[in-house]
Amino acid sequence: MRDTSCPTLLFIVGARPNFMKVAPLFQYLKRHKESMKPFLVHTGQHYDKAMKAAFFDQLNIPEPDIDLEVGSGSHAVQTAEIMLRFEPILDRVKPFAVLVVGDVNSTIACGLVAVKKNIPIIHVEAGLRSYDRDMPEEINRVLTDQLSDLLFTTERSAHQNLEKEGIVLDKAHFVGNVMIDSLRNHLNRAVPFDETLKLHKVERRETLREKQFALLTLHRPSNVDNPEILKGLLETFEMISSDLPIVFPVHPRTGKMIQEYGFSAFLELPNVFCLPPVGYLEILGLMTSAKLILTDSGGIQEETTALGIPCSTLRENTERPITVDQGTNTIVGSARQKIVDCVDEVLKTGGKSGRIPEYWDGHASERIVSTIQERFL
Ligand code: UD1
């Protein structure tokens, strides 16, 4: 029987980058037995074992109370399916608020359902803007912030973005970065890079040395869905790999596109070491052992800044400008020369060293929970 005396806060997760954002909030609530009860809904946007189960186990997130099992589809299908399946859950659970994180389709889909039922929405990682509306996440960010009653931000620039969009700033609180809470909580359990390569039986792995390889992650539609852009990027990585070996955990979307466009030879190159998507403790180990990171991920830009590891971001813009202004991040886009120059610079000088941004101190969850209590309970 559910305990009905304690108000329920309903958490949404859907895709891989959500898991490390809710984990520290859950752990904080568990440790402090606060006056609210967490209820976890997984939409099932990501469902592969490698994209989901490994994260729940390693981050110590309880099994979701409900898995909506929506799976993949076009943006419209995926978003609509989440909405249809989430609505009856809200009627049944009756939470005092719905907490969503980040900018994935599950975030906006569940936000829309909640707002139509007059249930307050709490958005963690609010106010980030790339100002690039071709990016599906940008639409999700703008709309989710418009719907939200309480907005938690990771950097101060987010407040200017919110103000420009007419959002009342009293609703926004600068609390720091929950993803960095997770990083700090788990860093001492990171799996050594050679163990991860061994686990996945990566060939020729014995030739790789600590701080003598680049880590590559790539999954954004703008990079992998267009054959010309993808081909150009893979050729650039091939060039780089002759000076610096590349370790490449392949996202399912990227793997599919590489096969479909006939670029599989890249995966067989002697200095490119491929493996399936890895869990959280494995990616932490790969990041800390890498000389530099080439990525189009949002979260990795922040994690590398927190770790002080040079990051070259394979995008034309970032919604996380603090990682460039204060951290180790350089925006290099997809043009060959810029990427190669940035890698050369790191090899010659060690790259940007950066500093840890304000409030990325491992206590963001604490600030979030106490603000929620003040506001709602
Ligand atoms: C989603 C998020 C993106 C985030 C990324 C992290 C949106 C709009 N995008 O992108 O912000 O950075 O997650 O991974 O929400 N697939 C599988 N197995 C899975 C999941 C996906 O094979 O478990 C394949 C399917 O072919 C699917 C494709 O990957 O169609 C894309 O998955 P989807 O969830 O739509 O978006 P991502 O590219 O993963």
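1. Let's start with the helix pair. In this predicted model, the axis of α1 (residues 16-32) comes within 7 Å of the axis of α7 (residues 178-186), and the two cross at roughly 75°. Angles of 65 to 115 degrees count as roughly perpendicular, so that is the label for α1 and α7.

2. Who makes that contact? On the α1 side you'll find Met 20, Lys 21, Ala 23, Pro 24, Leu 25 and Gln 27. Helix α7 answers with Val 178, Met 179, Asp 181, Ser 182, Asn 185 and His 186. Sorted by class, the residues of this α1 and α7 contact come out as 6 nonpolar, 4 polar and 2 charged.

3. Now the ligand. It has 19 residues around it, and the closest are Gln 45, His 46, Glu 137, Arg 253 and Lys 256. The class split for this shell is 8 polar, 6 nonpolar and 5 charged.

4. A few polar pairs to look at on screen. Ligand oxygen atoms sit 2.8 Å from a backbone N or O atom of Asp 48, 2.9 Å from a polar backbone atom of Asn 105, and 2.8 Å from a polar side-chain atom of His 219. So which of these involves a side chain is easy to remember: His 219 uses a polar side-chain atom, while Asn 105 uses a backbone one.

5. How much of the ligand's accessible area does the protein cover? On its own the ligand has 740 Å², and 89% of that is covered by the protein.

6. As for where the shell comes from, α3 (75-93) and α11 (252-260) are the elements giving two or more residues. The largest share belongs to α11, with 3 residues.

How values were computed:
Residues numbered from 1 in each chain as written. Predicted model: local features only at pLDDT ≥ 70, side-chain atom pairs only at ≥ 80, totals over all residues. Heavy atoms only, no water. Near = heavy atom within 4 Å. Polar contact = N/O pair within 3.5 Å; in protein donor to acceptor, adjacent residues only side chain to side chain. Areas by Shrake-Rupley, 256 points an atom, 1.4 Å probe, with all protein chains shown as cover. Helix = DSSP H or I, 4+ residues; strand = E, 2+ residues; numbered from the N terminus. Nonpolar A, V, L, I, M, F, W, Y, C, P; charged D, E, K, R; others polar. Axes fitted to C-alpha atoms, helices over the stretch in contact; angles between N-to-C directions. Parallel < 35°, antiparallel > 145°, perpendicular 65-115°, else oblique. Contact = heavy atoms within 4.5 Å.
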